[in-house]
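These are my notebook entries on a structure that I went through one item at a time. I recorded what I looked up and what came back.

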Amino acid sequence: MELVCPAGSVNAFKAAVEQGADAIYIGFNDSTNARNFSGLNFNDSRARWALDMAREKGVKLYVAINTYAQAAKFQQWQQAVDQAAALGAHAVIMADIGLLAYAAQRYPQMQRHLSVQASATSAQALAFYQQHTGIRRAVIPRVLSLAQIQALCAQSSVGIEVFGFGSLCIMAEGRCHMSSYVTGESPNMQGVCSPAKFVHWQENADGSMHSRLNGELIDYFAPGENAGYPTLCKGRFAVEDDTYHAFEAPTSLNTLELLPELQAAGVQAIKIEGRQRSPAYVASVVSVWRKAIDSLQHNPQQFNVLPAWQNKLSELSEGAQTTFGAYHRSWQ
Amino acid sequence: MKLSVGPILYFWPRQQVLDFYAQVAESSADIIYLGETVCAKRRELNWRDWLDLARDLAQISGKQIVLSSLALIEAQSDIKTLEKYCQQEEFWLEANDMAAVQLAAQRQLPFVAGPAVNIYNPATLALLQQQGLKRWVMPVELSAEHLNAMLANYPGTMPETEVFAWGHMPLAYSARCFTARQQNLPKDNCGFACLADNTGKDVNTQEGNTLFKINGIQTLSGHCYNLLPHLQQLQGQGVDIIRISPETPAGTLAALANVQAFSQRGQFILRDEKQCDGYWFGREGMQIANS
C-alpha cells in the first residue's frame, strides 16, 4: 500500500520525504486546489524544487487541482493542468469532469486520479470517470463503511485510495455547500471551507469565548474549555430543546487499526489529510503511518497497533479524539 | 419559462404523498419530479409505487414526469433500484449521482442532471450532453453571473437550464443520519424518526438564528430560497425552467399559485423573514441580497 502524504509548504514536503512518504500531494497557490489557504501551497519555482527533491529521493509527486473549474475562468484551471504537465508531476488529482477530459486529451501520458471531491461512491460512478477520462485511481469519500470499501475494491478496476488519518469531513466531499451558504465561499469554487477570514473569536470578561463565522455564532466555550476552530459542521447548535454538536464533535479520522482489513481488501493507497498542517504535524503523522505500513507488510499475521502510535496520533487530533468515522457503521 | 415541482425531499406518510400529487396534478406545474432522493430506507413508497404514480400522473395531468434518483449511493441495493429506473423507457431520469449518469447513459435513457451533480463549466455540461443529458439543474450555489458565463461559453446548443427557485436548498449529504442522532438512535435502527418531521428540523445557533435544517442524512438551508420575486430577471437570463421544491403541501401549492399570479398580474404575495436569495446574486446563500 502506498502512503500518500500532504504538503502545504516546502518544509512540510521535506518532513514527509524524511519520514518515508511514498507519494506527496501538493497544490498550486490559488483557487484550483481545495486547500486554498493564504500562505500555503506551491508557486512554480517551489513546485520545481519539490519535484527535484521527489525525484532524488524516489518519492512520487502528485498535484491536486481538485476544485471545480468555474465557467468564466476555465482557462485558469487549464493552465494549472498545463503547469502540472510541464512540471512532470506523476499524477494530477482532479474532480471536475470537463477538466479531467481536458487533461486526458491533452496529456494522455500524465496519470489522472479522481479526487475525493468528485464524491464517487460506487463502481458505476468510477466506471463513468474511467471510460470518459481514463482515471487510474480514485480517492474514496469518507462516507463509506469498511464493507462498502471492500465491495468497491472487488467490483472496480480503478485503484482505490482511502483516507487514513486527518480531519473528518462528515459530509460527502464536493457536495457540501454549507460553507458558501454562510460565507459565500465554498470548497468547490474557492477551495476553502469555513474560511479563516470570516472567523471572529470573541473573548469575554469571564474567560468564556464565542467563535463566529461571518457573524453567526458557531460555538460557545465555557472558561477553560478548549476552543476549536469554527468549522460549520463541528459547531454546537440547538435542535428543538437540545444544544449539542448537531453534526459532529471535533474529532479526527483514524483508521490505523483497520489497516490489515484495508490491505486485504486490495486498497492501493492510504491518504493522510492535512496540507494545511505544520511540518511538525506532517512529520509525526507520516512517521507513525510509515512504521505501521512497514510492520504490516513485514509480518501481516502479527500486525499490532502499538500504543505509542495511537498516543501520538491522538495528541495530534482535533479535540484529542479520534474515530473510525463511517468505516464502522456504529458511527453513522 | 416552464415550472417544475422538484422531488419531495422530506419523508412523508404515503397518503400525504398521494394527496399532494393529486393536487399538484391540477396545478400550473409543467414538470413533476418523483422519487426518493435522500435516504434509501424511506419506503412509504417503493420504486414500483413511484413508477405506478408516475404513470398515473402522466395520464391524468399530461405533464412531463421525471423519476428522481438517490443523491448519495452507498449500498449495492441502491444500485439495484437505480437499475430498475433505468430499465424503463417511459420517463426521463433525474440523475443525482454519477452512478445514475453512467447507468442512464449505458441504456441511452435521457437524463436530467439534478442539483447534486457538479456541473460548474461548459466542458462538463457538454460531455454529459454527449452521454444523453437533456437538462441540467444548476448547482444551488451558482449565481446569475455564473449562468451567464455558461451560456456565453457553451460550444453548441445548451441543454435546458433549470434553476432551483423556491424551497429549502439541499446543501449537504452525509453517511450519518442527523435526525437519528438528534433522537439518540443509531442509523441502522432509526425507527424512521424523520417521518415525524413534515419539513425537517431547524438547526439554530445558540443565539437563535436558524442556520440549517436537518432532514435525515441531508442538510438543508435554514432559510427558504426564494427567487420568485426575480422571475423577470430569470426569464431574461436564459433560464428555461424554475423549480419549486416541495415544503408543506399547502406552502408548495401557494408558491405554485404565486408563480401563476406573477405571470398573469406581475404580483407577488410570498415573503417572510426566513427567506434568502444570496446565491443568485453571487453572495452567501443565506443573505437576502436584493431587499
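Entry 1, an arginine and its partner. I looked up Arg175(A) in this predicted model and found a relative accessible area of 6%, so I entered Arg175(A) as buried. Its side chain meets that of Asp97(B) in a salt bridge, with an N to O distance of 3.5 Å. The pair crosses between chains: Arg175(A) belongs to the loop between β7 (159-167) and α7 (178-183) of chain A, and Asp97(B) to the loop between β4 (92-95) and α4 (98-106) of chain B. I then asked whether Asp97(B) is buried or exposed. The relative accessible area of Asp97(B) is 3%, so I noted this residue as buried.

Entry 2, other salt bridges. How many salt bridges does a search of the whole structure find? I recorded 29 over all chains.

I took up one of them within a helix, where the side chains of Arg55(B) and Asp52(B) meet at 3.9 Å, N to O. Both residues lie in helix α2 (residues 47-61) of chain B, three residues apart, which is about one turn of the helix. In general, an α-helix has 3.6 residues a turn, so residues three or four places apart point the same way. I entered Arg55(B) as partly exposed at a relative accessible area of 33%, and Asp52(B) as partly exposed at 37%.

I next took up the salt bridge between the side chains of Asp202(B) and Lys274(B), at 3.5 Å, N to O. Asp202(B) is in strand β8 (residues 201-204) of chain B and Lys274(B) in the loop between α9 (249-265) and β12 (275-276) of that chain, so the pair ties together parts 72 residues apart in sequence. Asp202(B) is partly exposed, with a relative accessible area of 27%, and Lys274(B) is partly exposed, with 34%.

I also noted a network in which salt bridges that share partners join Glu2(A), Lys60(A), Arg137(A), Glu161(A) and Lys271(A).

Entry 3, a lysine of that network. I located Lys271(A) in strand β14 (residues 269-272) of chain A. Its relative accessibility is 5%, so I counted Lys271(A) as buried. Which side chain makes a polar contact with the side chain of Lys271(A)? I found that of Glu161(A), at 3.3 Å. Leaving out residues up to four places away in sequence, I listed the residues that Lys271(A) touches, among them Val4(A), Tyr25(A), Ile93(A), Val139(A) and Phe163(A).

Entry 4, cavities. I searched the whole structure and recorded seven cavities of 30 Å³ or more. The largest has a volume of about 130 Å³. Its lining comprises 14 residues, and those nearest the centre are Ala118(A), Tyr129(A), Met98(B), Val117(B) and Asn118(B). I sorted the lining by residue class and obtained ten nonpolar, two polar and two charged residues.

Entry 5, a covered helix. I looked up helix α5 (residues 123-133) of chain A and found it mostly covered, with eight of its eleven residues buried. The buried residues include Ala123(A), Leu126(A), Phe128(A) and Thr133(A). Tyr129(A) is also one of the buried residues of α5(A), and I had already listed Tyr129(A) at the largest cavity. After α5(A) comes Gly134(A), for which I noted a positive phi near 60°.

Entry 6, positive phi outside glycine. I recorded a phi near 80° for Asn41(A), a positive value in a residue other than glycine. Asn41(A) sits in the loop between β2 (23-26) and α2 (44-57) of chain A. With a relative accessible area of 4%, Asn41(A) is buried.

Glu240(A), likewise not a glycine, has a positive phi of about 50°. I placed Glu240(A) in the loop between β11 (237-239) and β12 (242-244) of chain A. Is Glu240(A) buried or exposed? Its relative accessibility is 51%, so I counted Glu240(A) as exposed, the cut-off being over 50%.

Entry 7, a serine in a loop. I found Ser143(B) in the loop between β6 (133-137) and α6 (144-153) of chain B. The relative accessible area of Ser143(B) is 12%, and I entered the residue as buried because the cut-off is under 20%. Residues up to four places away in sequence aside, Ser143(B) touches Met138(B), Tyr279(B), Trp280(B) and Gly282(B).

Key. Residues are numbered from 1 along each chain as its sequence is written. Chains are lettered from A and ligands numbered from 1 in the order in which they are written. This is a predicted model: local features need pLDDT of at least 70, side-chain atom pairs count only at pLDDT 80 or more; totals for chains, interfaces and linings use all residues. Side-chain values use heavy atoms; hydrogens and water are left out. On a 1 Å grid over the protein atoms alone, a cavity is a set of points where a 1.4 Å probe fits but cannot get out, and a pocket is an open set with protein on both sides within 12 Å along at least five of seven lines; lining residues have an atom within 4 Å of a point. Grid points are joined across faces, edges and corners, and a volume is the space filled by probe spheres set on the points. Ala, Val, Leu, Ile, Met, Phe, Trp, Tyr, Cys and Pro count as nonpolar, Asp, Glu, Lys and Arg as charged, and the others, Gly among them, as polar. Helices (H or I, at least four residues) and strands (E, at least two) are DSSP runs, numbered from the N terminus. Buried means under 20% relative accessible area, exposed over 50%, partly exposed in between (1.4 Å probe, protein chains only). A polar contact is a pair of N or O atoms within 3.5 Å; within protein, one must be able to donate a hydrogen and the other to accept it, and residues adjacent in sequence count only if both atoms are side-chain atoms. Contact means heavy atoms within 4.5 Å. A salt bridge is a side-chain nitrogen of Lys or Arg within 4 Å of a carboxyl oxygen of Asp or Glu.
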